[in-house]
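Biologist: I'm new to this one. Could you put it up and walk me through the terms as we go?

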Amino acid sequence: MSDFEKIKNKLKNKLIESKNSQEVESIKAEIFGKNGLINSEFKKLGSLSLEDRKKVASEINNIKQELTKLFNDKAIALSDSEIDEQIKKERDDVTLPEKDFRIGKIHPVSQVIDEISSIFSEIGFSVEEGPDIETEYYNFTALNTPENHPAKDMHDTFYIEEDMKTLLRTHTSPVQVRTMLKGRPPFKIIAPGRTYRSDSDQTHTPMFHQLEGLHIDKNITMGHLKGCLNYFVKEFFEVEKIKMRFRPSHFPFTEPSAEVDIGYRIENNKIVIGEGDKWLEILGCGMVHPNVLKNSKVDPTKFQGFAFGIGIDRLAMLKYGINDLRSFFECDYRWLNYYGFDPLNVPTNYRGLSK
Ligand code: DAH
């Protein structure tokens, strides 16, 4: 084997084994460069006889072709494997430990709805929903609200049509009637949702949230109502004792009716619950009026029960020490970051509601 052939074979092997385009480029220079293998062989031709020159020149050309093909194949193979390599490197590795993906926060209102739902589901209530755009019938008439009731006034209610037949529901109570018309007693439901009234100050916003509760069965009494709300308030505030009062009240859809207030005080511009001499009304309740049962196709001589409507936003204010309701709906990301909740900590009774 000539020296030329030996070098050629050596370079050929080197080329086959090369792993990246940089290595290939340097082999290419050794072979095809100005002072590379091929050129130096061609230079030697001058010293040969005419006959040998032809023969050797054609050999060198063959080798040149052979090597050129090898280079081209190698280049294609390498570019494929380099792309594969790059894809492997750049692929998202889902097994990598988390960095900080908890960028979003759960709004205190959503958190409180989840907490309340968890508390009531524990004692057998299921969740129902109703539409935000209601008819005057479900929002008022079916709930035993007289024609001349002040709540029906345009100042309080957002009517959608001029004939005052459609409106934005002013409370979640119409879900009581819708639920009862859909099924047969007993009923044990809660219904959270958005409600609307033309009102705005530190504790009122035109859109706010309520949660309706309804328990209809045989022999349900006001005692059950008090027991249920006592349990709820203690669970919700996650305390043994809470300052709470039932105040006689009036609603067209309940008889008798009461409102429940929670005691609180303000300290360093924050609400502190359970003590102090201020009261915040958090819910209305009572025994469902026989007329509401009749309008809902439930026989009031056989079934009775209680209902309540909780102001969700106010509960959130009390529990999480937020003293202006309007800030809830200003969509200020800094506010949400401060008062919001970790989306991975879903509230449950057994694991803890807010911790
Ligand atoms: N719907 C009433 C309101 O918005 C709250 C309410 C009071 C709901 C008594 C009830 C209830 O279910 O029984 O002010």
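Modeller: Let's begin at the ligand: 15 residues surround it, and His 171, Ser 173, Arg 197, Gln 210 and Glu 212 come nearest. This is a predicted model, where local features need pLDDT of at least 70 and side-chain atom pairs pLDDT 80 or more, while totals for chains, interfaces and linings use all residues. Residues are numbered from 1 along each chain as its sequence is written, and side-chain values use heavy atoms, without hydrogens and water.

Biologist: What makes a residue count as near the ligand?

Modeller: One of its heavy atoms has to lie within 4 Å of the ligand.

Biologist: Why is the pair of Glu 212 and the ligand called a polar contact?

Modeller: A polar contact is a pair of N or O atoms within 3.5 Å. A polar side-chain atom of Glu 212 lies 2.6 Å from a ligand oxygen, so the pair qualifies. For Arg 197, the distance from a polar side-chain atom to a ligand oxygen is 2.7 Å. Ala 307 uses a polar backbone atom, 3.1 Å from an oxygen of the ligand.

Biologist: How much of the ligand does the protein bury?

Modeller: 91% of the 350 Å² that the ligand exposes when taken alone, by the Shrake-Rupley method with a 1.4 Å probe.

Biologist: How many residues of the shell are nonpolar, polar and charged?

Modeller: Five are nonpolar, eight polar and two charged. Asp, Glu, Lys and Arg count as charged, so Arg 197 and Glu 212, both among the residues that come nearest, belong to the charged group.

Biologist: What makes β7 and β8 a pair?

Modeller: DSSP has to find at least two bridges between two strands. Four bridges join β7 to β8, so they pair, and they run antiparallel.

How values were computed:
Helices (H or I, at least four residues) and strands (E, at least two) are DSSP runs, numbered from the N terminus. A polar contact is a pair of N or O atoms within 3.5 Å; within protein, one must be able to donate a hydrogen and the other to accept it, and residues adjacent in sequence count only if both atoms are side-chain atoms.
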